[in-house]
Amino acid sequence: MLISPWRTDFPALSALAAEGQTYLDSAATSQKPQAVLDALLGYYASGAANVHRAQHLPGERATRAFEGTRTQAAHWLNAASPAEILFTRGTTEAINLLAYGLEELFRPGDEIVISALEHHANLLPWQQLALRKQLRLVVLPLDSDGGIDPEQAAHLIGPRTRLLAISQLSNVLGRWQALSDLLPLARAQGAFTVVDGAQGVVHGRHDVQAMGCDFYAFSSHKLYGPDGVGVLYGRSDALAKLKHWQFGGEMVHSTTYQSADFHGAPLGFEAGTPAIASVIGLGAALDYLSNLDHAAVAGHETALHAKLLAGLAARDGIRLLGAPQLALASFCVDGVHNADLAHLLTEQGVAVRAGHHCAMPLLHSLGLQGAIRVSLGLYNDGEDLERFFSALDKALELLR
Ligand SMILES: Cc1ncc(COP(=O)(O)O)c(C=O)c1O
């Protein structure tokens, strides 16, 4: 039996269990450890205050905690400096920031390269930029396992490539992309490299300097932190090329009615009051995660994923999408509509995701309108999977 020693750190798991719910949708959003709930309540209960503005005690305390998270996030990603960490609303806003912030550097006919598996968050901002600036959006094809083939990529990334934006770990196919092969292809052309770390950041530790990317984005809410905040890492020289994109409080050195002198990164890209409590909560999540035994977490996640794959493989008529390596598995069942199956799983208290997973072009390229996705957090255990499989068997008996 696979037991998660961390399960009891997450009060929502027992609350959900009391309602008969089995939560297997962590790739959409994660549950939060008590330490994060305490940090959120602690901030509000001890006196909310705005950051970077006030000299008073609560203001100083909030600013210290807020900036503390920036330092923690820099350590977490091994960024060279906290100034390379920008707080955004999430991965989506981080990538939109880049698509606007880099816009002036593109010329008609330049190419932006993404892959066929990208989440809409790493497709639509580039697609719209391409439309605004008459650029070509090049889509790297996948192999049958759901990986971007570096050989094909080598043909498609060329002198016109100005930017490569790819996911580290697919939210549908659960495969690590070969960043160490792919990013150098873009770098050799002098192109920007953007890594969507929304799913990847949750599993293992990642070093943006070793990765060699210009930008790396993730969302707190998938990494056991609160929603409403995300991180955009940018190497300092890459950040220096970004144009400001949102304007308001605390992002200028000075302004007149006619013109302004903006801060650089990070504050120049954080106009307005940020999600202070959420940033502090993200700090608590990073603290919590930093103190875990990483080898034990990785071992648990690997064993749980193997059990998930084995259970799916043992059942007839299940078509797995790609060859997932970790964290999740998406599948459909011959002759069964995924919405019907999802409905019956939901009725039995199993919380999985069904649909296109915000990767519509990928699903369509596989000839599908949707699929069921089971995704795992470090708090899931063998019993969760047994409840899922028993619900799946009952649902399939009814539907076939
Ligand atoms: C791979 C990937 N990229 C980007 C996103 C967007 O994240 P958010 O909605 O937190 O901005 C997601 C969310 O599911 C994702 O899985």
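## Cavities

Two cavities of 30 Å³ or more are found in the structure, which is a predicted model. The largest cavity holds about 60 Å³ of space. Its lining is made up of Ser26, Ala27, Ser30, Gln199, Val202, His203, Lys222, Tyr224, Ala327, Ser375, Leu376 and Gly377. Sorted by class, the lining of the largest cavity has five nonpolar, six polar and one charged residues. The largest cavity lies between domain 1 (7-24 + 293-399) and domain 2 (37-290), because both domains give residues to its lining.

The second largest cavity encloses about 40 Å³. Val51, His52, Arg53, Phe66, Glu250, Leu267, Glu270, Gly272 and Pro274 form its lining. In the second largest cavity, four of the lining residues are nonpolar, two are polar and three are charged.

## Largest pocket

The largest pocket has a volume of about 350 Å³. Its lining counts 26 residues, and those nearest the pocket centre are Thr92, His119, Ser219, His221 and Lys222. Lys222 is listed in the lining of the largest cavity and is also among the residues nearest the centre of the largest pocket.

By class, seven residues of the pocket lining are nonpolar, 12 are polar and seven are charged. Helix 4 (residues 91-101) gives the largest share of this lining, with three residues. Domain 1 (7-24 + 293-399) and domain 2 (37-290) each supply at least three residues to the lining of the largest pocket.

## Backbone features

Two residues in the lining of the largest cavity, Tyr224 and Ala327, have unusual entries in the backbone list. Tyrosine 224 is not a glycine, yet has a positive phi of about 65°. Tyrosine 224 sits in the loop that runs between strand 7 (215-219) and strand 8 (230-234). Its relative accessibility is 1%, so tyrosine 224 counts as buried.

Alanine 327 is likewise not a glycine and has a positive phi, of about 75°. The loop between strand 11 (318-320) and strand 12 (328-333) contains alanine 327. With a relative accessible area of 7%, alanine 327 is buried. A further backbone feature is the cis peptide bond from alanine 265 to proline 266, where omega is near 0°. Proline 266 is placed in the loop between strand 10 (260-262) and helix 10 (276-290).

## Cysteines

A disulfide is a covalent bond between the sulfur atoms of two cysteines. With a cut-off of 2.5 Å between cysteine sulfur atoms, the count of disulfides is zero. For cysteine 332, the closest cysteine sulfur belongs to cysteine 358 and is 18 Å away, so the distance is too far for a bond.

Cysteine 332 counts as buried because its relative accessibility is 11%, and the cut-off for buried is under 20%. Cysteine 213 is also buried, at a relative accessible area of 1%.

## Database annotation

An unreviewed UniProt entry lists residues 22-388 as "domain: Aminotransferase class V". In the model, the end C-alpha atoms of residues 22-388 are 8 Å apart. Helix makes up 38% of this span and strand 17%.

Conventions. Residues numbered from 1 in each chain as written. Predicted model: local features only at pLDDT ≥ 70, side-chain atom pairs only at ≥ 80, totals over all residues. Heavy atoms only, no water. 1 Å grid on protein atoms, 1.4 Å probe; cavity = no way out; pocket = protein on both sides within 12 Å on 5 of 7 lines; lining within 4 Å. Points joined across faces, edges and corners; volume = space filled by probe spheres on them. Nonpolar A, V, L, I, M, F, W, Y, C, P; charged D, E, K, R; others polar. Domains from an automatic or database assignment. Buried < 20%, exposed > 50% of the residue type's maximum accessible area, 1.4 Å probe, protein only. UniProt positions renumbered as here; feature names shortened; annotations may be inferred. Helix = DSSP H or I, 4+ residues; strand = E, 2+ residues; numbered from the N terminus.
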